Every structure is written in C-alpha cells, then in structure tokens.
Amino acid sequence: MGLNYTKYIKQASRLRLERIQKHLEKINKPPLITIQSPDGDIIDCVHKRKQPALDHPLLKNHKIQRVPPGMPKRLKQEEVRNSMGNEATIKGTPRQWQWQMWHSNGTRCPKGTVPIRRSSVHDVLRAKSLFHFGKKQRGFINPARRRADAPDIVSGNGHEHAIAYTGTTQEFYGARATINVWDPSIEEVNEFSLSQIWILSGSFNGSDLNSIEAGWQVSPELYGDNRPRLFTYWTTDSYEATGCYNLLCAGFVQTNSRIAIGASISPVSQYTANQYDITILIWKDPKLGNWWMGLGDNTLIGYWPAELFTHLADRATMVEWGGEVVNSRANGQHTSTQMGSGHFPEDGFGKSSYFRNLEVVDADNSLSSVRGISTLAENTNCYNIRSSYNKEWGTFFYYGGPGNNPRCP
C-alpha cells in the first residue's frame, strides 16, 4: 500500500513558501556540479569550505581538520576477525563508494568538494513546521524499568525502542558495530524506522542531554520515500532546539567526497537470502577532540566538532545500539511500522535483523568487544531484542518486530 503524501503537501501561504525558500537557500549551498540519482535525489557537489557546518556560530573560526584522526587500535588480546563474515551469506560494507544509488551513473564529486543531498520545498512541507524540519521530535517517558540503571530513554511521542546499552558509571570515547540493513515498511508518512548507534552524555531527565547518532533509517517524512538511508544526528539540549539530521543544519563537518549522508543504500537484505550490513564507528579523536565517523574498515566520513558540545566535549557516559520506531496510533491501534526486518529476534539469521561485533573505545583510544550489555524494549509483543556472544560475532543481538499483530493491538 502506497503512503498518502497529499495531506502533507498542504496549500502553503505565500509567506510560508517565502520563509521555506529562504531557509533552503541557507542550507542548499551553490554546487560546483550536480548529480541526478536514479532514486530521484539530487546530489550537489559543494566546495568543502562552503558546506552548511561552517555557518554555525560556534564554528566561526573553525579550521576543517586536515590531520587524520588517530584511529582506535584493537586491544592485543582481541582477535581480529574478518569483518566481511561468511561471503556466501553476508555482504559487508562494499568498497568505499559502490553502495549508494547516486553512484550508479559513474559521476563523482570533484576533489575538494563534498556530496550533499539537496532539500526541496516538498521535503520541508512534509515536516510539522519549518522549525521541526530535519529534527527528531522530543518527548520524555520513563519506560518500565527492568533494572535500576536502565536508561530513561528520551522517548514519548510514541517512540518505541529495542536497544542494547552499557552501564552509566563508565567513560566511553566511541563505539562501533556492524548493522544489518533492511527496508522495513512504514505505515504513516510521519513515522520512521531506524537502526543506529547513540553516543550519550548528560541527563535523560533534564534539558542538557548531548547525543551523537548514526545508522540507517527509513523516513518518508524526511526523504519522501521508503528507502533505507545512511544518516547522522546530533543534539546538545535533549532534542529541543539544537542539532539535526545529516547536513540539514550547521554542525557536522563532512570530509568525504564519495559518500552522501542521507543518500539511499542499495542493495538491502532479503528474507532468507543475501544479508547486507554496514560497519559504523564513532570515536573521539585523541589529538583534537572532534568526534569522527568512519564507515567500513577505514573510510572517514567527517566529524562533529568538539565546540558543539557541553558534556560530550569531554567524554560519553553511555552507549546504545538498536532500533527505534514512531508509533503514532493513527487508527487508534498500534502501528504496523516494522523495526529491523519486521521479524522478531527469535527468527535468527537471514530473517531477523542484527547488530554484530559491538565494540567500545576507551580513554587510550583502544577498541574492545563490549561485555555485559543490558537490553531494553518497551513493548516486547511489538518489538523485541535478544543478545548473545560468540567468537565470530563478538557481542551481538537480533532485534525488531512487525509492530501491530494479535499480541500488539
């Protein structure tokens, strides 16, 4: 069933359209060249010093980091496994640039530019307002606590999760995981389904939570389609006013000329067929303190400058991995928006979605397998999570579910 976008493209007043146009002129920077993607996206190749990030007041005097960040090293006792897994069944992050749809016609962004997905008037009109465009909706709810240190997930507005998380008494300088990519179906335009890593510091019940996030998401409201897309997010005030997805506001500094944040990922995993996954690493550069994002084994995407943050300027106090959906209860019943593959964790490999090789970065910039994670799902009849450990996948979990079903009315 196709989603109904028409009610979101409301008759906008001339004044509103003028405001939107002004905003788009601010975030859609003049490109050197433009690339048309087969999925309908327009990718602008923008000079890296003209990208939106540098409009941020805190980054007025920011020099784009040119010295490569210190990559986290593995602890010696940790056996390095082939991150591609079993070739017959798992396809890991493909070589640097072959897995985003806009690459298919062979055009590349020139050196010294970064690829930015262009935003349109329609993209903004689908949002609740211009202020809400590119932002996660805020709301708080304390999920029924499984244990005393369970995170007060910044939730509400019908957000539901199935996550694994670390304890709150530790210090973290980054995290990594390999994430299975699917294309879950979404029931309503204003709902989404995502799978991501959260790097957190600050309080869950105040207004000062700092969060850095990256993963894949399906969000019809944000992108106007049902494709899974690579995304980033950040906030320094509990999703109130700061931060945004991707490059939709000033903040994240992109350095990679071949990967577009917000662009669609292809191919995706199929039920009982090939499984595709992407490896995401987020870590704090010990030299300059910026939080970097890497893909696969050593592809740098860009960074969140240290100047943006309060608590995260220093370190993170919690890491979460897992899925999140919006349940708007549009028809008075639980949404049928899927999380992960749309199948429960017990279905296992090839049917259920997974995160594998969960790792954290310590103060010495060393990566090690995370042990003793806790798991949490607010509504296990709708979406659930099951974690485990083995030599090949280290700490891993299956997660997700179909949403609405006889046990999740």
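Strand 8 (residues 193-201) and strand 15 run antiparallel and are joined by eight bridges. Within this pairing, Ile197 faces Trp321 of strand 15. The model in which these strands appear is a predicted one, and strand 15 is a welcoming place to begin a tour of it. On another side of the pairing list stands strand 6 (residues 159-165), which is linked to strand 15 by seven bridges, again in the antiparallel sense. Here His161 has Glu324 of strand 15 as its bridge partner. Strand 15 itself spans residues 318-326 and is mostly covered, with nine of its nine residues buried.

With that strand in view, the wider protein can be introduced. The chain folds into three helices and 20 strands. Of its 409 residues, 57% count as buried. The accessible surface of the protein amounts to about 17,100 Å², and carbon and sulfur atoms account for 49% of that area. Contacts between residues at least 6 apart in sequence often reach far along the chain: 74% of them join residues at least 24 apart.

Leu32 offers a local example of residues brought together from separate parts of the sequence. Leu32 sits in the loop that runs between helix 1 (14-27) and strand 1 (33-36). Pro110 is 78 residues away from Leu32 in sequence, yet the two C-alpha atoms are 8.3 Å apart in space. Once neighbours within four places in sequence are set aside, the contacts of Leu32 are with Cys45, His47 and Thr113. Is Leu32 buried or exposed? Its relative accessible area is 53%, over the 50% mark, so Leu32 counts as exposed.

A second strand worth a visit is strand 14, which covers residues 299-304. Five of these six residues are buried, so strand 14 is largely enclosed by the rest of the structure. Strand 13 (residues 291-295) runs antiparallel to strand 14, and five bridges join the two. One of the paired positions sets Gly294 against Leu300 of strand 14. Strands 13 and 14 form a hairpin, with three residues between them. In the turn of this hairpin, Gly296 has a positive phi of about 65 degrees. Strand 14 also pairs with strand 11 (residues 253-254), in the antiparallel sense and over two bridges. In that pairing, Gln254 stands opposite Gly302 of strand 14.

Gln254 leads on to the internal spaces of the model, as Gln254 is among the residues that line the second largest cavity. How many cavities of 30 Å³ or more are there? The count comes to two. The second largest holds about 100 Å³ of space. Its lining includes Pro115, Ile116 and Arg117, along with Phe133, Leu222, Tyr223 and Asn246. Strand 5 (113-117) and helix 3 (220-223) each supply at least two residues of this lining. Strand 5 gives the most, with three residues. By residue class, the lining of the second largest cavity is made up of eight nonpolar residues, three polar and one charged.

Asn246, one of the lining residues of that cavity, also stands out for its backbone. Most residues other than glycine have a negative phi, and most peptide bonds are trans. Asn246, however, has a positive phi near 50 degrees. Asn246 belongs to the loop between strand 10 and strand 11, and it counts as buried because its relative accessibility is 5%, under the 20% limit.

The loop between strand 10 (229-235) and strand 11 also holds Ser238. Phi of Ser238 is positive as well, near 60 degrees. Where relative accessibility is concerned, Ser238 is at 0% and therefore counts as buried.

A final backbone feature concerns a peptide bond. The bond from Ser266 to Pro267 is cis, with omega near 0 degrees. Pro267 is located in the loop that lies between strand 11 and strand 12 (275-284).

Key
Residues are numbered from 1 along each chain as its sequence is written. This is a predicted model: local features need pLDDT of at least 70, side-chain atom pairs count only at pLDDT 80 or more; totals for chains, interfaces and linings use all residues. Side-chain values use heavy atoms; hydrogens and water are left out. Helices (H or I, at least four residues) and strands (E, at least two) are DSSP runs, numbered from the N terminus. Buried means under 20% relative accessible area, exposed over 50%, partly exposed in between (1.4 Å probe, protein chains only). Contact means heavy atoms within 4.5 Å. Accessible areas come from the Shrake-Rupley method with a 1.4 Å probe; for residues, only the protein chains shown count as cover. Two strands pair if DSSP finds at least two bridges between them. On a 1 Å grid over the protein atoms alone, a cavity is a set of points where a 1.4 Å probe fits but cannot get out, and a pocket is an open set with protein on both sides within 12 Å along at least five of seven lines; lining residues have an atom within 4 Å of a point. Grid points are joined across faces, edges and corners, and a volume is the space filled by probe spheres set on the points. Ala, Val, Leu, Ile, Met, Phe, Trp, Tyr, Cys and Pro count as nonpolar, Asp, Glu, Lys and Arg as charged, and the others, Gly among them, as polar.
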